[in-house]
There are 2 protein chains.
Amino acid sequence: MTSLSAQSAGSKPRPTMRHVAELAGVGIKTVSRVINGEPNVTPETTQRVLDAARALDYQPDLHAGNLRRSDRRTRTLGLLVGSVDNPFSGAVHRAVEDAAAERGVAVFASSLDDDPEREREAVAAFLRRRVDGLILTVASADQAYLEPELQRGTPVVFVDREPSGIETDAVVSDNAGGAARAAEHLLAQGHRRIAYLGDLHSIQTARERRRGFLDALDRAGVPIDESLVVEDLHDQGAACAALLRLLDGSNPPTAVFSAQNLITIGALHALRERGRHRDTALVGFDDIELADLLEPGVTVIAQHPDDLGRIAAERVFERLDGDRSASQRIVVGTTLIMRGSGEISPGR
Amino acid sequence: MTSLSAQSAGSKPRPTMRHVAELAGVGIKTVSRVINGEPNVTPETTQRVLDAARALDYQPDLHAGNLRRSDRRTRTLGLLVGSVDNPFSGAVHRAVEDAAAERGVAVFASSLDDDPEREREAVAAFLRRRVDGLILTVASADQAYLEPELQRGTPVVFVDREPSGIETDAVVSDNAGGAARAAEHLLAQGHRRIAYLGDLHSIQTARERRRGFLDALDRAGVPIDESLVVEDLHDQGAACAALLRLLDGSNPPTAVFSAQNLITIGALHALRERGRHRDTALVGFDDIELADLLEPGVTVIAQHPDDLGRIAAERVFERLDGDRSASQRIVVGTTLIMRGSGEISPGR
DNA sequence: TGCCCCGTTGACAACGATGTCAAATCTAGT
DNA sequence: ACTAGATTTGACATCGTTGTCAACGGGGCA
């Protein structure tokens, strides 16, 4: 007969160590020992416990254990990226996940959307869940609010963008260097009127890329036409519209540097729309899928998001393993991939 | 002077409600009331507690609370997708995240890589962390192992692929219908020799797409040339190689249906490599970025991963809110997007 | 003035697990 | 056969929080 005092919604209660212990006829601590592979349990006892655990489909409660355990590790990481459906973020995420999974660590992922408020909320959500470490892409102007958490020993590693107002590890692309490389490449083709299409000025990497680009023009002694430097483009549509405006102007650029993947896609649309894709050079920052199949292929300064993610995760685990050395700023290089669009000369 | 009995690594201890209570000069239960916004606390007491919490940078421990709380909700979801760096998965993930964030729920994301073992490990990792619900894309042949968890009342919703060996909610694309639509579209252009490039036969959606495709040919009375039906292609390289082989054969296809996004990209490479992209028709299953900028544009059967993710998340939350109705199988339609490649006729 | 009631507060047990420690059992050595 | 020492086992406190419940104090009413 089934018990009359069943659960409310017909759902069986979740088994605990106590249930397993009862069924196996041992003490609860012995179950704990078996589940955690601690020594000094006879093979027969071990087997009885394992059988009981299997019979009840017992799953240990990591958080209850963590509450009492001395290391206080939840084996959980918090990851904040631009957006989980952006390919760049996806690659970072995947690299972090791989490094984490290897160590039995699960990853909370959140999307930032370049919103400082989402940043704060995501971090708070991570901390309430007692993640062992944080890997963050940030949008706020100042991350000093993380200082107390850092003092408590929680590893915090910044990825993609550098921290401000706080001293901690960071893994970033060589944004200025990559942008300069793009500018130099276009200058080498003979271009002098190069448009710059950039992301929100509030984003640290966007400022870096702009700086690298402008510095390179400066070094080459090319005067800067302010009307060709457009910032605060945050999606394909805005980028497309901005470039259309430049192309339709009286003195259009002969080359374009688009400083982010979505902006590059918007620029590609604008060039096609005006039929200028074969005579206007284009170099994009960040690689894009299918760039090699377009005609012309899209020349890009490729970042290495997988390296960013992997290295950031490794920093976190090194810190968790006791590394107390000074915080590092690790710069990952970029790679110029020539596919055609960046090798168009201004002659026409 | 600083205390001599400081922390080992110079890290301050994490404050608990007890510390806040002490600093505010109140009982610990009063702190709990304030933090959780429970009624019956005077404004002055509330203020003192909030000040103390702020001063200590107190963050409540969600898991400790959950242990005692009656609802036993961790406000956490487990999401298993193909791979977090696949654009389709990214869109599903983003939709789930948005629905979850709205409710203060955090999301664990894991990549499946179509590996049954990873599936089991990811699910176990989720359950040890006591997620409130599971949204799963699966690779195993049978998910009966989830039955006990389902009995305990944990909502489990399958996304993208249907469950097997278990009765629960599922949100899937109309795979057979979409594949049939692709076949019909190519047939309508006059094609009779249409190649099928499919994913691993072990994947349920791959079998569905193959079935839909073959059934459509059958209905049209077009004989099936087995040599044109290639399965078990799991990445760009394999797809590219397979299509090259077909193109180099004595009787190449006049049209190609590529049944998955990576396969479509591999097919595009193969067609370019042989210079056949303007005379061989191509329809891909699943939309791909930049498909509209290629020449010809890539005709696709677009899925709606954002809808899949959003609806799956909604199902989970409805179940959590007490919905005990029979499990549903929700089918999300696909959309044929004509961009040129699918409208090439066999004539040449 | 005295009583009741309600708003406010805190002591205490409990959630599911692990660390500590002592009790029980076994082994071996004399 | 007896004891020392090692091995196996479980009772109990505890982690940070919330649910229960009782105590306290003040206001309103008879």
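Biologist: How far does a polar side-chain atom of A:Asn36 lie from a phosphate oxygen of DNA strand C?
Modeller: This is a predicted model, in which local features need pLDDT of at least 70 and side-chain atom pairs count only at pLDDT 80 or more, while totals for chains, interfaces and linings use all residues. Residues are numbered from 1 along each chain as its sequence is written, chains are lettered from A and ligands numbered from 1 in the order in which they are written, and side-chain values use heavy atoms, with hydrogens and water left out. Taking a polar contact as a pair of N or O atoms within 3.5 Å, the separation between the A:Asn36 side chain and the phosphate oxygen is 2.6 Å.

Biologist: Which residue places an N or O atom of its side chain 2.6 Å from a base nitrogen of DNA strand C?
Modeller: On the phosphate side, a polar backbone atom of A:Asp61 stands 3.1 Å from an oxygen of the strand. The base nitrogen, by contrast, has as its partner the side chain of B:Arg33.

Biologist: Which helix gives the most residues to the surface near DNA strand C?
Modeller: Counting a residue as near if one of its heavy atoms lies within 4 Å, 26 residues surround the strand, and the closest include A:Met17 and B:Arg68. Helices, taken as DSSP runs of H or I with at least four residues and numbered from the N terminus, supply at least two residues each in the case of helix 2 (28-35) and helix 4 (62-68) of both chain A and chain B. With four residues, the one that gives the most is helix 4 of chain A.

Biologist: How many residues does the largest nonpolar core have?
Modeller: Such a core is a set of buried Ala, Val, Leu, Ile, Met, Phe, Trp, Tyr and Cys residues joined through side-chain atoms within 4.5 Å, where buried means under 20% relative accessible area with a 1.4 Å probe and protein chains only. A:Leu197 and B:Leu197 are among those with the most contacts inside the largest core, whereas a second, separate core includes A:Leu112 and B:Phe108. The residue count of the largest core is 56.

Biologist: Which residue is the bridge partner of A:Leu197 in strand 8 of chain A?
Modeller: Strands here are DSSP E runs of at least two residues, and two of them pair if DSSP finds at least two bridges between them. Strand 6 and strand 8 (residues 255-258) of chain A pair in the parallel sense over four bridges. Within strand 8, A:Leu197 is partnered by A:Ser258.

Conventions:
Polar contact = N/O pair within 3.5 Å; in protein donor to acceptor, adjacent residues only side chain to side chain. Buried < 20%, exposed > 50% of the residue type's maximum accessible area, 1.4 Å probe, protein only.
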